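Student: I should like to take a close look at one part of this model. Please give a connected account of the helix packing there and of how it sits within the recorded annotations.

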Amino acid sequence: MKKANRTDGRQNALPFWQWARGLRGQQMLVTITFLLVPLLLFFIFTCLPFLKMVQFSFFDMRYIGSRTFVGLDNYKSVFTRSDILSSLKLALYYLGASVIQLGLALLFASVLSFKTRLGSFFKGTLFFPYLVCGIAMGFIFKFFFTHGFVLDTVLTAIGVPHGILPMWLLNTNINNFSLAGSSIWRYTGQNMVLFIGAIMSVDPNLYEAAEIDGANGVNKFFHVILPSIKTIVVLNIILSVSGSISAFEPPYVITGGSFGTATYFVLMDQIAHLDQKVGLASAMAIVLLGIIIVVTVIQRLVFRLFLDEDEKGMTFRERRRSTRRIAVTASSKGGK
Amino acid sequence: MQLKRAISVLLASAMIVAMTACSAGGGSSVETGSKSSTANLPAFDSLHLGTDYKNIKANLKFLTHKTDLVNTTFKDYVQQFQKLYPNINITYEGITDYEKEMSNRITTKDWGDICMVPAFITNKADLPTYFIPLGDQKTLANTYNYTNMWMYQGKTYGIASNGNIQGMVYNKKVYQNAGIMTLPKTPDEFLTDLQKIKDFSGGKVVPMYTNFAAQWTMTAWDAYIGINATGSPDYMNITLPHEKNPFSKKKDMTGPYAVYYTLYEATKRHLIEADPTTTDWEGSKPMMNKGQIGTMALGSWAISQVQTAGSNSADIGYMPFPITVNGKQYATVAGDYNYGINVTSSNDNKIAAMLYVKWLVEKSGFAASNGLISTVKDDPLPTILQESFKNVTLLEDTPAKAGEEALYGNINTDSELSLNSNYTHVAKIVEAAEGASESLDGIMDDWNKKWTAAQQKYGALK
């Protein structure tokens, strides 16, 4: 009886060992073993803190002391507090800046992708600001905008009377423009490099063909370059939009959020660390995540509907229109 | 193959352990620490330095906000202390953004042995969770000042590194040159004097420098609203939590309104620096020393820093905040950051930490060499304070009544004013005055509303 049982057990275990020794089994085991460490790190340092934050957002709590469960109260105050809502509006300044920034980057990229005198020098110079860390950039611009410092000196040197120079960071009509301007300086180079990379991958035969057809530089840009780098343009737009909603470094370092420059992130930092309302700040973070996801999805949809071409060179909308036309002609034929 | 399986099992179990450890760490931060471990510790005031626990061995870690002294003064202190206790070793760690970083680190329990009790602990009932009691407040008060700062249920959980008076740093020469012979005693006298300074110097001297951009400096204004502005030692912890609309204007121009009025009007009349957004704290000290700044709102700890920032140390003076209550002037005197000892350290480390803290307070000469008020009762006031505060009554804030220890802190943070810890509400006054965007009364109404809402939440209004 005993003996029979043992053989049974061995026979049951056999398929697994066979599978494990075989090619597929080996592949699976190796994959799992290699993935385990990165997944573990991902779970501990990304998922766990995020889940904790979601949990915190339902509590009225400080860093220390007792916590009370408050349900959706924190979310309610995110959507009802005027200071939080108005801080979201500041994203518009950065959004406006990112339009200028993308335009500039595209312009520089399409010029610098071709042989230009001192091309590498200009590429390097334009990209350099991106290598400066955000905090250092903040200090650079703090001194740049200080009354009577760099910017004012330059402006007086070119003949602007000193009396009419505004306080760049104090005047609430212009200080957000000053800050958004500093982010143009920082990110144009990064966008440009992405664009240059995309433009480089365009088949040079296309330029030649366009030239033979008599296209000038502007034609080439709109009919050859732009359609070929669409994906990168959209990627850059998505990055800039989510970047403008979550703008943090310029206002945090340069003005500390004073004089109406506190963006959503700066306000969140103040609520979390100075007022110690951890629950509310967590809820703000999650709402921001939601906003960014929604904006990105909308962008993707718009892209799919109007820009994304299939192998026949038709967008989704054009395709639908043409299928409808076919259907209409087919039905009219049937009626005959 | 078996090896691989063993590895995967090991990793899986490691993951589970890590997970449970994480969640356990998160959960236990709410619970109170063990209280039995503090039972067999000696009392702080009855320790004898140099004779008790002569052979105790310990490695201590000390977290401090004084990053500038970690490699200089504090190293000296450790060396001197080790002459008495050669087997106690102390490692200092300076933290730049002290409050922010400590708010995370303190929850881990093994942050070290000694730290400066962080100001964000607003509920004194939390003290036993993190720090050991140093003794009964009543006994400690015979020898030391400021023992009720971190008192909970009759026990004291921290001992102040030094004391501070709340007043204003000013440049005597600037005031004399402008023809100001007697120091101002009311907000309006003060504003007139600032105007005199501005006019006399032709706008070259900043009458009052706000240090707006440094942010933390702005909380000095909150420190005046208690005893300085009301003359009542009960104001901050007993009156304010229950007072209806505390920020409203009072007829005799005392109380919180008068303090913020001074800042608002000085800004509005352009008696502060031209561009507050780009002020520089380190640069302001030599400027004041040279006589380019008239006044700065800072605690008495700043005196020696301004004095040593240049060659004119004799020009620097310290004056009471210009508010007079019934013909008399008052000033808050309070402990600076307190030394606190970790409740989760080993017993030997706790005793060693007590010895070092006692040595710091009594023997190091930290207060005297920096022109600060000593924590030890019998030590004299620094000379600079003896002259200008002759006719000023110095008072300490009374602690909250039993059962209401947490009330002020709860209302304070819940209203998001966070007096004395968050600068943003004070900054708002400068912003409003500078852009003429909002009246002072409007801001004060807003604060009253926030304060009232928090009072109602915690049932403080009757």
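Tutor: The model is predicted, and the account below centres on helix α5 of chain A, which spans residues 91-112.

The partner to consider at the outset is helix α12 of chain A, residues 230-245. The axes of α5(A) and α12(A) come within 8 Å and cross at roughly 150°. Because of that angle, α5(A) is roughly antiparallel to α12(A). The crossing of these two helices is right-handed. On the α5(A) side the contact is formed by A:A91, A:Y94, A:L95, A:S98 and A:L102. These residues meet A:N236, A:I237, A:S240, A:V241, A:S244 and A:I245 of α12(A). By class, the residues of this contact comprise seven nonpolar, four polar and no charged.

Helix α9 of chain A, residues 175-200, also packs against α5(A): the two axes come within 7 Å and cross at roughly 35°. Here too the crossing is described as right-handed. The contact of α5(A) with α9(A) has 20 nonpolar and six polar residues, and no charged residues.

A further helix pair in chain A joins helix α4, residues 82-89, to helix α14, residues 264-274. Their axes are 8 Å apart and the packing angle is about 145°. From α4(A), the residues A:D83, A:I84, A:S87 and A:L88 meet A:Y264, A:L267 and A:I271 of α14(A). This contact divides into five nonpolar residues, one polar and one charged.

The record supplies a frame for these helices. In an unreviewed entry, UniProt places transmembrane regions in chain A, including residues 91-114, 184-201, 221-239 and 251-268. For residues 221-239 of chain A, the model is 95% helix and 0% strand, with the end C-alpha atoms 23 Å apart. For residues 251-268 of chain A, the values are 56% helix and 0% strand, and the end C-alpha atoms lie 13 Å apart. UniProt, again in an unreviewed entry, annotates residues 87-299 of chain A as "domain: ABC transmembrane type-1". That span is 76% helix and 0% strand in the model, and its end C-alpha atoms lie 23 Å apart.

Chain B may be added for context. Chain B is divided into domain 1, residues 34-162 + 336-374, and domain 2, residues 165-334 + 400-457. The contact between them takes eleven residues from domain 1 of chain B and ten residues from domain 2 of chain B. The C-alpha centres of these two domains lie 31 Å apart.

Note on methods
Residues are numbered from 1 along each chain as its sequence is written. Chains are lettered from A and ligands numbered from 1 in the order in which they are written. This is a predicted model: local features need pLDDT of at least 70, side-chain atom pairs count only at pLDDT 80 or more; totals for chains, interfaces and linings use all residues. Side-chain values use heavy atoms; hydrogens and water are left out. Axes are lines fitted to C-alpha atoms, for helices over the stretch in contact, and angles run from 0 to 180 degrees between N-to-C directions. Helices (H or I, at least four residues) and strands (E, at least two) are DSSP runs, numbered from the N terminus. Angles under 35 degrees count as roughly parallel, over 145 as roughly antiparallel, 65 to 115 as roughly perpendicular and the rest as oblique. A crossing is left-handed if the near helix is turned anticlockwise from the far one by less than a right angle, and right-handed if clockwise. Contact means heavy atoms within 4.5 Å. Ala, Val, Leu, Ile, Met, Phe, Trp, Tyr, Cys and Pro count as nonpolar, Asp, Glu, Lys and Arg as charged, and the others, Gly among them, as polar. UniProt positions are given in the numbering used here, feature names are shortened, and annotations may be inferred rather than shown by experiment. Domain bounds come from an automatic or database domain assignment.
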